[in-house]
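Visitor: I am new to this structure and would like to look at it with you. Could you show it to me, please?

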Amino acid sequence: MRMTGTERRQQLLNVAKALFAEKGFDGTSVEEIAQRADVSKPVVYEHFGGKEGIYAVVVDRETQTLLDLMVSSLDADHPRTMLEQAAVALLTYVEESEGGFRILVRDSPVVTSTGTFSTLLNDIASQVEHILGQQFSARGYDRKLAPLYAQALVGMVALTGQWWLDARKPKRDEVAAHLVNLAWNGLSRLDPKPRLQLDD
C-alpha cells in the first residue's frame, strides 16, 4: 500500500531526525535520508526542497515541543513545585526525545522559524521571569532582579540536561531533586539526600 503525501512527509521527518541526531547536519546527506526512507532523492526535494528545508522543519518541531512542555510545567501555585515540574519536564524530554534534544543543543547551521536553542532558552526564561517577578513583588524583593534569576535557573536546568543526555546517571528524578535542592536551598543549606516533593 502506497503512503499518502502526509504519511511520506512524516516518514521522511522521522528518518531525517534520526540521522541528524546521529550524525549532525553536516554529516547527513539527502542521499542517506532517501536511502533510509527507501525513496529516491527527488522525493525528499519534492517535500522539503533539500537538506536545509527538512532540517529546519525537524528543529522547529522539536523546539515547539520542548517550549510547550516547559511552559505547561510552569503552572503550579508554589514556586518550588513549579521548579520541580520544570526540571522533571526538561529531563523527561531528554529521556523520551534524546534525538530531538541532541539536534537542539548542537549549533544549527540553518536559521529556523523558531530560532536556536539559545532562543528557546530565552523564551522559557521570559516565562520564568514573569512568574519570578510576581513572586519577588509578593515577598518584597526587587522585581528588577527577576530576569537575572530567571536566566540563572533556566541555564542551570538546561546545562544539566545537556550533561545528563550522555551521563544518564543518576536517574531522572534524582537529578531533578538535586537541581531543585541547589536552586531552592542554595549551597549553604544543601540537603544531603534531596527528593522531589512532587512524590509526596
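Visitor: What do the side chains of E32 and K23 form?
Guide: The side chains of E32 and K23 meet in a salt bridge, at 2.2 Å from N to O. A salt bridge here is a side-chain nitrogen of Lys or Arg within 4 Å of a carboxyl oxygen of Asp or Glu. This is a predicted model, in which local features need pLDDT of at least 70 and side-chain atom pairs count only at pLDDT 80 or more, while totals for chains, interfaces and linings use all residues. Residues are numbered from 1 along each chain as its sequence is written, and side-chain values use heavy atoms, with hydrogens and water left out.

Visitor: Is K23 buried or exposed?
Guide: K23 is partly exposed, with a relative accessible area of 35%. Buried means under 20% relative accessible area, exposed over 50%, and partly exposed in between (1.4 Å probe, protein chains only).

Visitor: And which residue forms a salt bridge with R102?
Guide: That residue is D166, and the closest N and O atoms are 2.8 Å apart. D166 lies in helix α8 and R102 in helix α6 (residues 98-105), so the pair ties together parts that are 64 residues apart in sequence. Helices are DSSP runs (H or I, at least four residues), numbered from the N terminus.

Visitor: Which residues are in the network with them?
Guide: E98, R102, D166 and R168 are linked in a network of salt bridges.

Visitor: New topic: how many salt bridges are there in the whole structure?
Guide: A search of the whole structure finds 9.

Definitions and conventions: Helix = DSSP H or I, 4+ residues; strand = E, 2+ residues; numbered from the N terminus.
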